[in-house]
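Thank you all for coming; I would like to walk you through one structure this morning, going slowly from strand to strand. Please have the sequence and the model open while I talk.

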There are 2 protein chains.
Amino acid sequence: MSKQEQTAISPTRTENYPEWYQQVIRASEMAELSPVRGCMVIKPWGYGLWENIQRQLDDMFKATGVKNAYFPLFIPISFLEKEAEHVEGFAKECAVVTHHKLEKGEGGRLVPAGRLNEPLIVRPTSETIIGDAFSKWIRSYRDLPMLINQWANVVRWEMRTRIFLRTSEFLWQEGHTVHATKQEAIDRTFMMLEVYRKMAEELLAIPVITGEKTESEKFPGAEVTTCIEAMMQDKKALQAGTSHFLGQNFARASGIRFQSAEEKEEFGWTTSWGASTRLIGGLVMTHGDDNGIILPPRVATAHIVLLPILKKAKETESVMTYTQDLADRLRQIHYHGAPLRVEIDARNIGGTRNWDWIKKGIPLRVEIGPKDIASNAVFLARRDMDRKQSRSVTKDRFFEEVTDILDDIQKKLFERALTFREENTHYIDAADAFDAFFTPKNSEKQEIHGGFVRAHWCGGRDCEEAIKNRLNVTIRCIPFDGEEEAGTCIECAKASRKRVVFAKAY
Amino acid sequence: MSKQEQTAISPTRTENYPEWYQQVIRASEMAELSPVRGCMVIKPWGYGLWENIQRQLDDMFKATGVKNAYFPLFIPISFLEKEAEHVEGFAKECAVVTHHKLEKGEGGRLVPAGRLNEPLIVRPTSETIIGDAFSKWIRSYRDLPMLINQWANVVRWEMRTRIFLRTSEFLWQEGHTVHATKQEAIDRTFMMLEVYRKMAEELLAIPVITGEKTESEKFPGAEVTTCIEAMMQDKKALQAGTSHFLGQNFARASGIRFQSAEEKEEFGWTTSWGASTRLIGGLVMTHGDDNGIILPPRVATAHIVLLPILKKAKETESVMTYTQDLADRLRQIHYHGAPLRVEIDARNIGGTRNWDWIKKGIPLRVEIGPKDIASNAVFLARRDMDRKQSRSVTKDRFFEEVTDILDDIQKKLFERALTFREENTHYIDAADAFDAFFTPKNSEKQEIHGGFVRAHWCGGRDCEEAIKNRLNVTIRCIPFDGEEEAGTCIECAKASRKRVVFAKAY
């Protein structure tokens with residue numbers, strides 16, 4: 001696309017990244033903010049994407065022996081209070097249910113009535129309520145491991161919301177497991193992190209760094225929080241999934257005890273792990289361009305839209321028949337285990353139609369006019385390529401190649417994102433260079449600058465906090481990929497054995 | 001089973017039907033009540049069943065053009081107030097959120113803080129919040145029909161709960177559609193009722209009567225409520241799904257307007273339709289026997305459990321290899337579009353193991369011992385038959401026949417339930433016979449008596465209410481199957497043109 005050409009999304013990424021994000025979501029019709037403070041409406045084009053993520057992630061969980069269950073939406077305050085760090089982390093932003101009916105008050109307006117003896121909170125996460133169930137289900141080592149997942153809505157009251165990234169209500173899955181030994185629980189923590197890595201990289205085409213959170217960034221109540229971190233196109237980090245080793249903290253809080261093979265009563269070792277609709281925000285910010293979102297084929301709401309060109313009334317029937325036949329045959333082709341998802345858009349609205357689908361990010365657009373029918377062909381456009389690279393292919397060749405083309409799009413999206421991350425990852429050893437890197441130059445916008453910096457850190461909370469306060473930069477993780485090497489802390493110059501990943505973050 | 005033989009569930013159905021129900025749920029490990037008032041925990045064996053219902057029902061919705069979306073959990077009180085009948089129906093039992101955080105109060109206990117300006121209720125159903133979104137999405141007749149479904153949790157505060165049948169929180173789907181004409185909305189109402197009928201009869205093997213609710217039994221705010229009604233084994237009725245024609249009531253309340261093809265501004269015509277985890281309760285009460293639940297194969301959490309007989313250590317390896325190979329091969333067989341779901345239970349706990357699976361209602365149990373291996377066979381037991389009818393079949397024949405056997409179980413369950421309903425459906429024309437029928441005789445338990453009575457009704461609310469007050473019997477529906485015929489109202493003897501279905505109900 002030439003520079004003069006207008007883009008479908010205004011502003012562009014470089015003009016105003018946060019506003020570009022909102023506009024891309026709006027233009028794609030994936031979701032919108034609702035009149036209920038901080039809550040979003042996920043529209044069909046966004047929800048279909050979530051369903052595709054959900055179904056494949058669910059299959060990956062089940063392949064490791066996990067089963068789904070469902071636990072109450074409400075948590076009594078007394079449950080939340082059981083784990084000290086946990087309550088500190090979640091009491092500050094939760095929806096509290098205090099009454100169980102409405103009555104007509106003064107002026108005929110409805111007012112809360114029927115006060116509850118003990119207020120309930122709407123779950124921000126379910127460790128405590130699931131822990132209570134586990135304490136009843138588990139008696140002996142024979143009941144272990146207990147491997148449970150829940151797909152649910154959760155609520156964390158947010159004052160400043162950004163759609164998909166930070167909303168008061170969001171959808172997620174939360175896995176909760178109990179094990180007889182510490183090692184087994186640690187192994188499960190890493191096993192689920194690897195599931196998330198595969199999901200992010202292979203399904204969402206988002207390259208991620210796996211690592212461990214620092215003490216100050218970990219989940220309230222966890223011993224170890226592991227995570228996958230991705231780089232968005234504004235060079236900020238997004239945490240895309242977390243897997244926690246909870247030690248015996250929640251087992252003690254909830255009374256999850258079992259009799260061991262040696263007939264000793266012991267506390268279980270637990271893990272929890274979650275990923276949410278936030279992934280959709282990450283996907284938009286990884287793959288979107290100035291014309292809208294680009295959906296990776298493995299999770300795309302639909303793979304292909306057929307666009308019959310209906311200019312003359314007498315041609316309509318033959319074009320529509322050809323189109324419908326094409327759709328039927330495409331839907332018989334399987335792509336990674338499921339039929340191709342094909343839409344037909346027969347609206348006669350001119351060029352807007354094409355642009356609607358570009359903004360929605362559908363991987364393939366196929367135009368069908370009388371000329372294409374005459375040559376038994378279709379006119380094919382890839383969302384990840386310039387429109388000028390669209391080409392005519394015969395129908396037979398299209399059927400043969402369509403899944404390869406989709407795989408190629410998937411691969412190219414991942415490679416592009418990986419290249420972007422690598423180009424924006426730096427190894428910095430000098431404190432002044434570090435500060436300069438994270439301070440926007442005059443020529444740079446506040447919103448897009450910086451990147452990932454791999455720098456040495458002594459392990460001290462003070463250094464971490466000083467950097468955070470000064471630069472708004474956090475340690476995203478202590479990465480698992482880094483080799484040990486001798487160095488000095490970027491803040492205090494004390495000895496360090498390993499580099500960590502610093503970045504500004506969502 | 002001979003009368004002397006002990007049953008797995010105590011009490012039996014005839015001894016104490018309500019308690020039998022609770023015990024069947026407990027013994028099957030499908031669900032349990034939680035410590036949170038009125039909320040249940042759906043355990044993996046119950047949730048798997050729900051997932052199978054959900055996936056197939058979802059496919060049926062999508063085949064009619066419906067797409068899924070997701071709307072906020074919270075509804076502002078002012079939204080609920082928009083439709084007068086609706087608010088009357090739901091304000092009396094709803095969870096009210098009044099605060100958005102917790103703070104340490106006197107004695108260090110957490111207390112609600114951060115009072116909301118406008119309290120929110122947890123959705124009991126979403127007509128009003130979805131109507132608000134629709135009012136923004138719909139501009140022109142070209143945007144219609146709007147066909148949206150949501151899978152969600154809903155809350156209706158219940159003081160007296162019964163697991164799956166009446167709980168404060170339950171899972172369901174709610175479909176919401178908008179149409180340009182009244183007729184189209186009515187057609188959609190019936191189309192979705194037919195989807196529910198198919199789901200109940202073909203997937204759950206529950207025969208249902210389709211019909212229309214009377215004025216006093218319909219959904220708050222609806223013009224017409226259609227429903228499917230099933231007969232449980234205690235001869236009571238269970239409403240298993242409803243589809244509502246809402247006229248323009250909610251369109252007016254929410255401002256759902258569109259410009260017609262004639263360029264006139266008009267209100268949309270809306271429908272809504274829902275089915276919930278209540279279906280699981282209905283399934284238990286339709287197919288359960290005194291040994292537990294029997295799962296219809298089309299929705300069973302698992303189809304087959306393989307039970308290796310591991311008596312001697314030296315045989316263990318060969319038996320387990322044979323079992324694993326059997327499982328692998330069975331999982332390659334497709335049953336109604338999905339792979340067979342196969343469990344292996346290698347616990348060495350004697351006869352308890354077999355009974356565990358009987359109570360869980362798995363359609364097929366397969367025992368595998370050294371003798372079976374020697375003859376290349378398996379020992380097969382059907383849950384719907386007496387254990388004495390178990391038989392040895394060769395492995396090859398089992399592979400060939402397994403899906404037919406499952407279909408046969410499915411068919412037999414449906415036929416058995418249909419026969420039961422027919423045997424317990426009566427045509428009664430005399431008022432005293434009607435009253436006698438619904439009054440337990442000395443020899444009958446309060447819990448199991450009566451049945452469905454097809455009797456004439458004048459259409460008057462007074463007659464309906466008098467019967468309800470005197471006998472606790474309601475009009476379940478005005479059935480669509482009944483022919484018009486001249487008769488007299490069972491209560492007031494005025495002229496009637498049609499019989500309706502009376503029953504006690506859940």
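**Strands, contact and sheet**

Let me begin in chain B, where strand 4 (residues 74-76) and strand 6 (residues 110-122) run antiparallel and are joined by three bridges; in that pairing, Phe74(B) stands opposite Val122(B) of strand 6. Before I go further, this is a predicted model, in which local features need pLDDT of at least 70 and side-chain atom pairs count only at pLDDT 80 or more, while totals for chains, interfaces and linings use all residues. Residues are numbered from 1 along each chain as its sequence is written, and chains are lettered from A and ligands numbered from 1 in the order in which they are written.

As for the terms, two strands pair if DSSP finds at least two bridges between them, and helices (H or I, at least four residues) and strands (E, at least two) are DSSP runs, numbered from the N terminus.

Strand 6 of chain B is also joined to strand 5 (residues 96-104) of chain B, antiparallel, by seven bridges, and there Val97(B) has Leu120(B) as its bridge partner. Five residues lie between the strands of this hairpin, and Gly107(B) takes a positive phi near 70 degrees in it.

How many residues does each chain bring to the contact? Chain A and chain B bring 44 residues each, where contact means that C-beta atoms, placed from the backbone, lie within 7 Å. On the side of chain B that touches chain A, strand 5 of chain B gives the largest share, with seven residues. Strand 5 of chain B also pairs across the chains, since three bridges join it, antiparallel, to strand 5 (residues 96-104) of chain A, and in this pairing Val97(A) has Val97(B) as its bridge partner.

Further along chain B, five strands form an open sheet with mixed pairing, in the order 18-15-19-20-21. Strand 18 (342-344) and strand 21 (391-394) are its edge strands, each pairing on one side only. Four bridges join strand 21 of chain B to strand 20 (residues 377-382), antiparallel, and Val378(B) has Val393(B) as its bridge partner in strand 21.

Finally, helix 9 (residues 313-331) of chain B lies across strand 15 (304-308), strand 18 and strand 19 (364-368), running at about 170 degrees to strand 15; axes here are lines fitted to C-alpha atoms, for helices over the stretch in contact, and angles run from 0 to 180 degrees between N-to-C directions.

Note on methods: Two residues are in contact if their C-beta atoms, placed from the backbone, lie within 7 Å.
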